[in-house]
Each structure stands twice: as structure tokens, then as C-alpha cells.
Amino acid sequence: MSAMLFAEKVYMAVVVLAVRLLGRRPERQYRSEPVGDDDPELGSAAYPMVLVQIPMYNEREVYQLSIGAACGLSWPSDRIVVQVLDDSTDPVIKELVQVECRRWVRKGVNIKYEIRDNRRGYKAGALKEGMKHGYVKDCDLVAVFDADFQPEPDFLQRAVPFLIHNPDIALVQARWKFVNADECLMTRMQEMSLDYHFKVEQEVGSSTYAFFGFNGTAGVWRISALNEAGGWKDRTTVEDMDLAVRASLKGWKFVYLGDLKVKNELPSTFKAFRYQQHRWSCGPANLFRKMVMEIARNKKVTLWKKIHVIYNFFLVRKVVAHIVTFVFYCLVIPTTVLVPEVEVPKWGCVYIPTIITLLNAVGTPRSVHLVIFWVLFENVMSLHRAKATFIGLLEAGTANEWVVTEKLGDTLKTKMPSKALKKLRVRIGERYTMIISLIHLGVAAYLFLCGCYDISFGNNHYFIFLFMQSITFFIVGVGYVGTFVAQ
């Protein structure tokens with residue numbers, strides 16, 4: 001599995017390098033002339049009708065930011081509909097969101113406030129219901145933004161031309177820009193991982209097979225392609241990836257625009273981050289289980305694209321990567337200290353991990369000096385990702401568990417004095433959190449004992465890594481990671 005992961009990382013690095021050297025930018029691969037340039041006399045009629053969907057759930061801290069950004073998009077007012085899909089269960093927050101929508105209506109914005117009497121299907125269910133309204137039938141494209149996303153006014157002006165001039169393109173995906181990356185060390189670690197995802201994984205998919213996983217937000221879909229693929233489905237917790245795979249199997253192409261950035265917020269509490277990672281790891285594994293045979297039997301795409309989706313996209317990146325990180329680096333290598341008859345070759349425990357780490361670090365040059373912390377933290381998170389991956393593959397009880405990622409918005413800047421910021425602490429009343437903490441502390445103790453044994457009886461010098469990793473598990477176990485906002 002390490003060799004598989006290594007080969008995938010090198011392959012993507014070579015592709016990205018080739019793209020840079022050959023200048024294969026989306027603007028050179030596809031037509032992208034500004035909308036309206038072909039026939040200025042048509043006026044606003046030259047612009048396609050765009051639906052902007054903002055699904056939200058109890059988003060007290062960020063609802064104004066997302067609604068304001070969507071209503072501020074530069075597009076003819078008679079050719080855009082902003083749709084706020086509010087699944088909030090808190091009546092106070094629902095009233096606040098509704099009042100905000102009315103405020104923009106008075107300013108002349110075509111904004112619709114939509115609610116449901118249940119949360120069936122969660123985000124996918126809300127998006128699906130939103131597409132059923134009568135006024136949506138007049139729309140050609142749909143842009144989706146999560147509640148903490150703030151697109152720049154020219155977002156549609158830059159994304160839509162690719163869909164207008166290239167009828168075989170179904171999706172234009174923008175890159176995420178993190179407004180709180182410097183909030184704490186944990187958000188810096190997230191920035192490193194997500195920058196690699198966008199700058200390398202999405203770039204490679206877009207440049208080679210015109211396929212990548214839709215990120216669920218900051219993207220524009222062609223509604224006809226969305227409908228042809230079967231619309232939104234709630235069978236997994238990654239409805240965005242589900243839709244992307246189904247649309248790709250219909251022959252549609254995707255384009256990733258790396259220079260089109262949308263501001264958003266990273267989860268800054270460990271609890272929120274842990275739940276997010278569970279969903280992002282469990283969902284793809286569960287979708288892989290459900291769709292692998294459908295992909296293999298598909299007749300509309302080439303054999304190479306099917307291999308890319310099954311092997312590269314799903315197996316290596318969504319399954320192997322999570323499992324090998326925890327099992328190999330946190331279980332196998334420490335255990336070899338206790339069983340000296342088992343020897344891990346140097347290329348497996350030193351050379352491959354080092355190269356993989358360096359390839360990941362290039363995504364965020366400003367954080368290269370933090371790469372050791374990133375490796376240690378990623379190994380801790382691999383415990384949760386590996387667990388979630390197995391839950392998804394086996395479709396266990398929590399495979400479809402959906403917990404909305406908590407956003408703090410401007411809470412840290414305006415609502416709380418600086419002295420109120422503390423490190424996240426384990427709350428005794430939260431049983432599940434306590435169990436997770438005990439697991440972290442258990443792994444920390446095991447790694448510490450293996451390190452002590454290696455000092456006494458070993459000769460591989462693994463104890464350096466084992467002690468550092470043990471300390472990291474201990475820090476996470478006692479809750480000294482992320483930020484905590486006093487209530």
C-alpha cells in the first residue's frame with residue numbers, strides 16, 4: 001500500500017509539473033470569452049439564468065456573510081435568483097435569516113427564502129427540494145455555496161463563460177481560500193492538506209481526464225447535466241462526490257479554476273474538525289462500495305478513465321491513503337520494535353515517507369517549516385480517517401451520520417475578548433469525546449512504551465519518531481489542540 005501511495009504521489013507531481021511547463025491552463029484548453037461579447041445588443045438576454053443556492057443549518061455566525069456575498073455577485077439582476085435553503089431548527093436563527101433575506105429583497109435582489117418541515121437527506125435533501133420550485137425551471141445554471149463561503153463579485157463572470165462556450169462541460173469548480181488559516185496551529189495543518197488537494201489532486205483530475213470530485217461548494221453546475229446524472233442523492237454523506245461521479249459516467253467534463261478563489265472558514269475546534277474528517281473519509285469509502293461495479297460496467301467512458309476513477313481516485317486516495325497511514329506508521333513500525341525478527345526495509349520506513357511528505361509540502365510553501373508538525377498531526381488524524389473508512393466500506397451504523405461542521409465566523413474577532421480564547425478542553429459530560437480521548441491516550445502510551453523498548457534493546461533509532469508521535473497523540477488526547485470559545 002505504501003508503494004501504491006508513493007506511485008500515485010509521484011504520478012500527480014509529474015502531471016502538475018508538465019501542466020506548469022506546457023502552460024495547459026483552462027483558458028488555453030477551453031473557450032472562455034466574457035459573456036455578452038458575442039452580441040452586445042442582446043443586453044441581459046445574452047446572460048444565462050443562474051440559480052445561487054445557499055444551504056444552511058443554524059448558521060448564526062455566518063449567515064449574513066454568505067447571503068451578502070451571494071447578493072453582491074455581479075450579474076444582471078433579472079438573470080439571477082438567490083435561493084436560501086434554511087434547515088435551521090432554532091426558531092431565533094430562522095427569524096434572523098428570514099429578516100436578512102427581506103432586507104435584500106427591499107434592495108431589489110431576487111432572493112427566495114425556502115424552508116422544509118423536515119431535514120430528510122440533510123444537505124442533499126435541501127438542494128434537491130430547492131430544485132423543485134417553479135422558478136428554477138427557467139434557470140440554466142446553478143451555483144452552490146455553503147453558508148461560510150463568500151464569493152467575490154466577479155465569481156460568475158469568470159466561471160460561467162466556460163459553461164456557455166463549451167457545451168460538454170458540466171461543472172466549473174473554484175478553489176477555496178481560507179480566512180482563518182492563521183488562527184491556530186491546527187488550521188495551519190488543515191491549510192497544508194487542503195492546498196495539496198486543490199493545487200495537485202484537483203489540478204491533475206481536471207488536466208488529464210476532466211474529472212475530479214466536486215467539493216460541494218464554490219462550484220457552478222449546468223442544470224441539464226445535473227438532471228441527466230439523476231440529481232442530488234442522499235445515499236451517502238458525500239452527495240457532491242456522488243453527483244460528480246454519476247455525471248462523469250454520462251460523459252460530462254469538469255474544469256477546475258485554480259486562480260478563482262472563494263473565501264471560507266476552516267473548522268477551528270478539534271471536535272468540529274474530527275466530525276468533518278469522519279464524513280469526508282467515511283462517505284467516499286461508502287460511495288466506492290456502492291458504485292464500483294456501476295463504474296466498471298459503464299459503456300460511455302473510456303477504459304482508462306474507469307481505471308482512473310476506480311484505482312487512482314477511489315482506491316488509492318480514498319481508501320489506501322487513510323489505512324496505510326495509521327496501520328503502517330502507528331501500528332506496524334512500532335510493533336517491529338517489539339518483534340526484532342520482522343525488519344521493515346529502509347525504503348519503506350524512510351525513503352518513501354520522506355518523498356511523500358516533501359511532495360505534500362509543496363502545496364503550501366509558506367508552511368514548509370511546519371512539515372514535521374503536519375506529519376505528526378496527520379498520523380493522529382489517520383486514526384479517525386481509517387476508522388471512518390472501514391465504517392464506510394462495511395456500511396456500519398454511523399456510515400450515514402451527518403454532523404454539520406461548526407463555524408465561528410467573526411465570533412473570535414468581535415464577540416469574545418482575547419482572554420476568552422483558550423485551548424480546547426475535553427468536556428467530562430461528553431461521553432463519546434471521552435472515549436476518543438482515551439483511545440488517543442492509549443495509542444500514546446503504546447508508542448511511548450515501544451520507544452522505551454527501542455532505546456533499551458533496539459538498534460533502528462525508531463524511538464525518535466515514536467516519542468514525537470506519542471507526545472502528539474497525548475496532546476490531542478488531553479484536548480490541547482484547536483481553539484475553544486467560552487460560552
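## Exercises on a predicted model

A search of this whole structure, which is a predicted model, turns up 23 salt bridges. The exercises below visit some of them, then move on to the sheet and the surface.

### Exercise 1: A pair within a helix

Task: Find how Arg188 and Glu191 are placed in helix α7, and decide whether each is buried or exposed.

Solution:
- Begin with the contact itself: the side chains of Arg188 and Glu191 form a salt bridge, with 3.9 Å from N to O.
- Next, look at the helix. Arg188 and Glu191 both belong to α7 (residues 185–208), and because they are 3 residues apart there, about one helical turn separates them.
- Now apply the cut-off: a residue is buried under 20% relative accessible area. Arg188 has 14%, so it is buried. Glu191 has 9%, so it is buried as well.

### Exercise 2: A pair that links distant parts

Task: Work out which parts of the chain are tied together by Asp168 and Lys253.

Solution:
- Check the distance first: the closest N and O atoms of this salt bridge are 3.4 Å apart.
- Then locate the partners. Asp168 sits in the loop between α6 (155–165) and β5 (169–178), while Lys253 is in strand β7, so the salt bridge ties together parts 85 residues apart in sequence.
- Last, consider accessibility, where values between 20% and 50% count as partly exposed. Asp168 is partly exposed at 31%, and Lys253 is partly exposed at 33%.

### Exercise 3: A further pair and a network

Task: Describe the salt bridge between Glu33 and Arg31, then name the residues that shared partners join into one network.

Solution:
- The side chains of Glu33 and Arg31 meet at 3.3 Å, N to O.
- Glu33 is partly exposed, with a relative accessible area of 31%; Arg31, at 42%, is partly exposed too.
- For the network, follow the salt bridges that share partners: they connect Arg25, Glu27, Asp154, Arg158 and Asp259.

### Exercise 4: Reading the sheet

Task: Give the strand order of the open sheet and say which strands lie at its edges.

Solution:
- Trace the 7 strands across the open sheet: β3-β2-β1-β4-β6-β5-β7, with mixed pairing.
- Look for strands that pair on one side only. These edge strands are β3 (111–115) and β7 (253–264).
- From one strand to the next, the twist averages 20°.
- Zoom in on β1 (residues 50–56) and β4 (residues 141–144): they run parallel and are joined by 4 bridges. Within this pairing, Val52 has Ala143 in β4 as its bridge partner.
- Finally, add the helix. α3 (residues 63–71) packs on the sheet and touches β1, β2 (80–86) and β3; the direction of α3 makes about 180° with that of β1.

### Exercise 5: On the surface

Task: List the members of the nonpolar patch on the surface, and find where Val342 lies.

Solution:
- The patch consists of Leu338, Val339, Val342, Tyr453 and Phe457, which together have about 450 Å² of accessible area.
- Val342 is in the loop between α11 (303–338) and α12 (346–361).
- With a relative accessible area of 46%, Val342 is partly exposed.

### Exercise 6: Apart in sequence

Task: How many Å separate the C-alpha atoms of Ala7 and Ile352?

Solution:
- Place Ala7 first: it belongs to helix α1 (residues 2–22).
- Its relative accessibility is 42%, so Ala7 counts as partly exposed.
- Along the chain, Ala7 and Ile352 are 345 residues apart, and their C-alpha atoms are separated by 9.6 Å.

Key
Residues numbered from 1 in each chain as written. Predicted model: local features only at pLDDT ≥ 70, side-chain atom pairs only at ≥ 80, totals over all residues. Heavy atoms only, no water. Pairing = 2+ DSSP bridges. Helix = DSSP H or I, 4+ residues; strand = E, 2+ residues; numbered from the N terminus. Axes fitted to C-alpha atoms, helices over the stretch in contact; angles between N-to-C directions. Contact = heavy atoms within 4.5 Å. Patch = residues over 30% accessible without salt bridge, like charges linked within 9 Å, V, L, I, M, F, W, Y side chains within 5 Å. Areas by Shrake-Rupley, 256 points an atom, 1.4 Å probe, with all protein chains shown as cover. Salt bridge = Lys/Arg side-chain N within 4 Å of Asp/Glu carboxyl O. Buried < 20%, exposed > 50% of the residue type's maximum accessible area, 1.4 Å probe, protein only.
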